[in-house]
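Let's take a walk through a protein together. Have a look at the sequence and the 3D picture first, and then we'll go through them piece by piece.

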Amino acid sequence: MNMKSLAGRRVAVAAGLVLALGCGVSAHASATGPRTISGKTDEAVTHRSGGSGDKGTIAACSQDVLGVSSVKEPADSKEARHLLLIVQNAGDKKCNLYRYPLVRLGADARTTVPVIKGSDPTPGVPVTLAPGEEAYAALLVSGGARDEYEAKSITLSLQGRKLGSNAGKPIDVPMPAPTLYADDGRLVTYWTTASGFALHHVEVTDLDPDRFPPADQNAHMAY
């Protein structure tokens with residue numbers, strides 16, 4: 001990912017980061033200055049962490065404590081095919097992100113987006129976010145497959161500690177473009193604290209779909 005793209009993404013994140021409310025609907029953050037959550041200024045995050053931490057006592061991240069945004073990659077691309085989903089822990093305690101986000105592209109989507117099996121940086125280990133830290137998942141909107149359709153919404157659900165469980169309510173993710181053109185080749189990565197790692201898997205898979213086949217989605221057909 002080049003520096004121009006990274007700089008563009010940071011500007012977009014500062015403008016687009018939102019606090020996911022308990023009702024599952026996101027409220028847009030102001031682009032005119034620092035965002036304040038629970039009396040604390042939302043400043044740029046420079047530290048990244050991952051791993052299990054005290055995973056036995058750390059709660060799963062939910063929509064109540066996460067800020068959520070999405071940006072195109074690269075930021076100046078005309079086609080919104082490669083997206084970066086970004087979450088930030090806006091709470092005052094650590095929380096765990098499990099596996100990958102359960103994403104639906106479009107209000108009428110019947111299934112969640114398949115995950116790229118080889119994109120898990122630490123298999124079996126959740127991503128632990130301290131207050132203020134971010135995590136990322138890359139999303140391939142269209143992979144050149146059949147049955148293209150228009151998607152005017154992105155919905156994200158978080159997985160719980162137990163496989164097949166959900167943590168909290170679905171979150172409406174702010175759109176990086178008015179309309180996305182998705183198809184049967186859509187894919188998403190596991191959560192990671194390294195945005196470049198997530199994007200690499202989407203880019204490589206887009207060029208060679210057989211290199212990282214999607215995982216079985218049978219356990220996540222519905223929220």
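A residue is called buried when its relative accessible area is under 20%. Keep in mind that what you're looking at is a predicted model. With that cut-off, 48% of the protein's 223 residues are buried. On the outside, the protein exposes about 10700 Å², and carbon and sulfur atoms supply 54% of that.

What is the chain built from? You'll find two helices and 14 strands. Parts far apart in the sequence meet a lot here: if you take the contacts between residues at least 6 apart in sequence, 81% of them join residues at least 24 apart.

Now for the inside. In soluble globular proteins, nonpolar side chains tend to be buried together. In this model, the largest nonpolar core has 35 residues, and Leu-97, Leu-105, Leu-180 and Trp-191 are the ones that touch the most other members. Several strands give two or more residues to this core, among them E5 (66-72), E6 (82-89), E7 and E11 (154-159). Which strand gives the largest share? That's E7, with six residues. A separate core has eleven residues, including Leu-84, Tyr-136, Ala-198 and Val-202.

Let's zoom in on Leu-105, one of those core residues with the most neighbours in the core. Even if you skip its neighbours within four places in sequence, Leu-105 is in contact with a whole list of residues, including Val-113, Leu-139, Tyr-149, Ile-154, Leu-180 and Arg-186.

Strand E7 deserves a slower look. It covers residues 95-105, and Asn-96 is part of it. Is Asn-96 buried or exposed? Its relative accessibility is 1%, so Asn-96 counts as buried. Its side chain has a partner, though: it makes a polar contact with the side chain of Tyr-98, at 3.4 Å. Further along E7 sits Arg-99, which has a positive phi of about 55 degrees even though it isn't a glycine. Arg-99 is partly exposed, because its relative accessible area is 22%, and the buried label stops at 20%.

E7 also holds one end of a special link. A disulfide is a covalent bond between the sulfur atoms of two cysteines. How many of them does a search of the whole structure find? Just one turns up. Its two halves are Cys-61 and Cys-95, whose sulfur atoms are 2.0 Å apart. The link of Cys-61 and Cys-95 is right-handed, with 85 degrees about the S-S bond. Cys-61 is in the loop between strand E4 (40-42) and E5, while Cys-95 is in E7, so the disulfide ties together parts that are 34 residues apart in sequence. Both ends are tucked away: Cys-61 counts as buried because its relative accessibility is 1%, and Cys-95 counts as buried because its value is 4%.

Next door to E7 in the pairing pattern is E11. The two strands run antiparallel and are joined by five bridges; for example, Leu-102 has Ser-157 of E11 as its bridge partner. E11 pairs with E12 too, again antiparallel, through three bridges. Here Leu-156 stands opposite Ile-171 in E12.

In a regular strand the side chains alternate between the two faces of the sheet. Try spotting that in E11: Ile-154, Leu-156 and Leu-158 point one way, while Thr-155, Ser-157 and Gln-159 point the other way. And which of these count as buried? All of them do. Since six of the six residues of E11 are buried, the strand is largely enclosed by the rest of the structure.

Finally, two backbone details in the loops. Between E5 and E6 there is a loop that contains Pro-74, and the peptide bond from Glu-73 to Pro-74 is cis, with omega near -5 degrees. Another loop, between E9 and E10 (149-151), contains Asp-147. Asp-147 is not a glycine, yet its phi is positive, near 60 degrees. Is Asp-147 buried or exposed? With 55% relative accessibility, Asp-147 counts as exposed, because the exposed label starts over 50%.

Note on methods. Residues numbered from 1 in each chain as written. Predicted model: local features only at pLDDT ≥ 70, side-chain atom pairs only at ≥ 80, totals over all residues. Heavy atoms only, no water. Helix = DSSP H or I, 4+ residues; strand = E, 2+ residues; numbered from the N terminus. Buried < 20%, exposed > 50% of the residue type's maximum accessible area, 1.4 Å probe, protein only. Contact = heavy atoms within 4.5 Å. Areas by Shrake-Rupley, 256 points an atom, 1.4 Å probe, with all protein chains shown as cover. Polar contact = N/O pair within 3.5 Å; in protein donor to acceptor, adjacent residues only side chain to side chain. Core = buried A, V, L, I, M, F, W, Y, C linked by side-chain atoms within 4.5 Å. Disulfide = S-S within 2.5 Å. Pairing = 2+ DSSP bridges.
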